[in-house]
Amino acid sequence: MKRSQSRLFDQIRIQEHATEILSSIPPSKRKYVLILICVLKRFAKGFGVGFGGKFLFALLGLAIKTRLKPHPFFTGLKQIVFTRQTLGYGAFTGGFLAIFEGLMRLLPNHSQTSPRSSDNLAEMAESKSTPSNLLLGRVGRVWLSGLLASSAFLFLPKEARGTISIFFLVRAIEVAAKYGAEDGYLPTIEHGDTLLMALASAQVIWAWLYYRESVDSSYLRFLDHQGGRKMVIQEACAMNLKGGPEAILATPKTLTKLNKHRAKLGYSPVEANDPRFHCVNLHPESTSCTLSFIYFLKDAFRRALPVYIPIFVVPQILFKPKTLVTRPFSSIYHVLMGIARSSTFLSMYCGMCWLTSCFITDKVGLRTHLTVAASGFMGGSMVAIEKKNRRIELALYVLSQALPSFYMTLRSMKLAPTFKNSEIVLFALSVCVLVNSFLLRPHLMRSSYVSLFRFLFGKSGRDLASPIMEDESNEEK
């Protein structure tokens, strides 16, 4: 009790001291001093978020790599604390928030007579009544601030810029689509999340077999593992679908490796001119495509469980520990159901891709590389198994893998030019769309993103004219 009272008195004394210092500053300069203090506080918060987040991820990777052995762990710990990469993430987040807020406060405002005339970034964005502000308009002020603040993107390591720009791009596409639908420029498509997942999967699965260099290496390893087929089987299937028996005969090494693999498993050799080469190669354990699909689902479900157990268990422990105590059976039930549903989706995703390729080649009689794209489309449609709030997130994740792959495919065909520093432009445009939506149309963003932006642009002291979101100030009342 005494400690809390002493802390309260200390805070009051600090505020009184700060007020005395500010009152001694001439009124013409006081506004800029307050803005500078606000910008510095925003930079400090952003730096802490960026640095801390990157440090925690690096720490987790180090713990897995060293298996928490004392000497290598602490040696690696010293190396990741003050690396250029870790500091770059902090400077990027802090720099963006500081530059954006500083510009939003310096640009003309409808009632900018004192530093406390606007306590809210959303109010500053919406101000549009004075002639001095008509040059930009409410949207223009947000975009100008966002574009200039995006220069902080240069603090990031070059190898991380592409991934981060694509991450923001796909979420900006989602918000822009909602903008267009709300304003009547775009139609509202029922089950659009499932359609988006199917289209993105068509590109990813095609690239997985035919243009592996265009797919992120970690995602490529994930597909190889969840696909459940050896690399030699994948290569033989891809070659047969694209070029038929001639393509297999043109590369005898592939056929030799395939038959050696089959011999190890106890199966007879397969001929390149076999009319059912695709099915015989893909599932030698059964001549029935449907029966092999059922066998595959059993093994695929086991492979999917390690993916989703931590995804559902860790958030429950970290963010909802009270419900484990107050409602243990209900919490455990929801976690188990989530794991089962998502594991079923992933196993059906992979199984449907292989089953579709069998159906098109064996029943329809088509042999084309587009069969792989059609298989990916059917596999992606299995996202309908998931809950609605997870469908769009999964679709956006696969889209973030599909867009770079699609662009690299077009570039390899000389159908798209090469742009230098395109990731900086993509990030700037994407983050402007997101910030504009957050300040002017927050209902178009998902609640999790709104909460994140509120945390980053969140409240600090009203005396320093820091931004306080409308909803937060209402909650205080």
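How much space lies in the second largest cavity? About 60 Å³ of space lies there, and the model in which this cavity is found is a predicted one.

**View 1. The second largest cavity and the residues that line it.** The structure holds 2 cavities of 30 Å³ or more, and the view is centred on the second largest cavity, which is lined by Arg229, Leu282, His283, Cys289, Ser292, Phe293, Phe296, Gly351, Trp354, Leu355 and Cys358. Helices H14 and H16 each supply at least two residues of this lining. By residue type, the lining of the second largest cavity divides into 7 nonpolar, 3 polar and 1 charged.

**View 2. The second largest pocket, with a volume of about 960 Å³.** A total of 24 residues line this pocket, and those that lie nearest its centre are Phe312, Pro315, Lys320, Asn389 and Arg390. The elements giving two or more residues to the lining are helix H14 (289-319), helix H16 (328-364) and helix H18 (388-412), and the largest share, 9 residues, comes from H16. In the lining of the second largest pocket there are 7 nonpolar, 9 polar and 8 charged residues.

**View 3. Helix H6, residues 137-149, and its buried residues.** The 13 residues of helix H6 should span 18 Å at 1.5 Å a residue, because the expected span is 1.5 Å times one less than the number of residues. The end C-alpha atoms of H6 are 18 Å apart, which agrees with that expectation. Within H6, the residues Gly137, Arg141, Val142, Ser145, Gly146 and Ala149 are buried.

Methods:
Residues are numbered from 1 along each chain as its sequence is written. This is a predicted model: local features need pLDDT of at least 70, side-chain atom pairs count only at pLDDT 80 or more; totals for chains, interfaces and linings use all residues. Side-chain values use heavy atoms; hydrogens and water are left out. On a 1 Å grid over the protein atoms alone, a cavity is a set of points where a 1.4 Å probe fits but cannot get out, and a pocket is an open set with protein on both sides within 12 Å along at least five of seven lines; lining residues have an atom within 4 Å of a point. Grid points are joined across faces, edges and corners, and a volume is the space filled by probe spheres set on the points. Helices (H or I, at least four residues) and strands (E, at least two) are DSSP runs, numbered from the N terminus. Ala, Val, Leu, Ile, Met, Phe, Trp, Tyr, Cys and Pro count as nonpolar, Asp, Glu, Lys and Arg as charged, and the others, Gly among them, as polar. Buried means under 20% relative accessible area, exposed over 50%, partly exposed in between (1.4 Å probe, protein chains only).
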